[in-house]
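Me: I'm new to this one. Can you walk me through how its parts get their labels?

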Amino acid sequence: MYHYFEPAGLTNPAELVTEVPARLNERIHEGSLDLSAMSSFAYGMASDRLFLLPDISVSSRGEVKSILLFSKEPIESIVNRTIALTNTSATSVNLLKVIMTKFYEGNPDYITMEPELESMMENADAALLIGDHAIKASWADHDYYVYDLGELWYRYTGHRMTYAVWAVNRSYADNNGDAVKEIADAFYSSKTASLRDLAPVVKHAVQHIGGSEAYWYAYFRNLVYDFGENELQGLQLYFRYAHELGLMEHEVQVDLWNENKLIRVTE
């Protein structure tokens, strides 16, 4: 989304802020960011104050390859055991809780730890890792069972799963429609250009994380970067399950932004 995004080239002035995901979530919640990428769960928590941008997300249809549960035993054997959770992602943590409760009828004990696999496994029967930590752990030599949460979600629901979205504060969007449209178009153009030629993105990943070019081509081509009807249905189901389990305090109404016009989505 960002590789070809150049705020200096926009007609409406914009500043690109680089922070860890948790801090981006906090800043758009508190209003110090007008528009941001954010985790799906964080969007749900503040959906009444945000519009969701259409056409861009980080989603998967099945495997996501970077949200992984490592387990000492088959998953059916740990449904009431102890699972160590990463401290870096509310969306993935709550997705795991939905999967364990809704699909496996379990009630594990959860502990939150720094994302280091062996340390987590010393204290739990299974461990959830995301992002670079999950990817690097999947490359390591170990005897753990490995479960991809995107694949489990798709197996039991038949729906795609959306992990990250782009959202804009309603008050900003109401008064700056031209700017929001220009930024949204620029993100969409960056996405399109990156998918047309993944080589620069793959090179960056190899240099900064490791692994082979073949791995990263497969990884990036596997993900879904759209946000349309298929992604919307999966996200609505995720929010409904999260609310039913008490993980989300309120029901989430997804409101899409489109050229400064509200598109209210109903199930």
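**Strand β3 and helix α10**

Me: What makes F70 and V146 a pair worth pointing out?
Reply: F70 in β3 stands opposite V146 in β7. Before going on, this is a predicted model, where local features need pLDDT of at least 70, side-chain atom pairs count only at pLDDT 80 or more, and totals for chains, interfaces and linings use all residues. Residues are numbered from 1 along each chain as its sequence is written, and side-chain values use heavy atoms, with hydrogens and water left out.

Me: How do you know that β3 pairs with β7?
Reply: Strands (DSSP runs of E, at least two residues, numbered from the N terminus) pair if DSSP finds at least two bridges between them. β3 and β7 (residues 145–148) have 4 bridges and run antiparallel. β3 also pairs with β6 (residues 126–130), antiparallel over 5 bridges, and there F70 faces A127.

Me: Why is β3 called largely enclosed?
Reply: Buried means under 20% relative accessible area, exposed over 50%, partly exposed in between (1.4 Å probe, protein chains only). In β3 (residues 67–71), 5 of the 5 residues are buried, so the rest of the structure largely encloses it. I67, L69 and S71 are buried on one side, L68 and F70 on the other.

Me: What makes W216, Y219 and F220 residues of one side of α10?
Reply: These three are buried in helix α10 (residues 213–222; a helix is a DSSP run of H or I, at least four residues). They cover an arc of only 90 degrees around the axis, so they sit on the same side of α10; the arc is that of the directions from the helix axis to the C-beta atoms. The face turned away from that buried side carries exposed A214 and R221.
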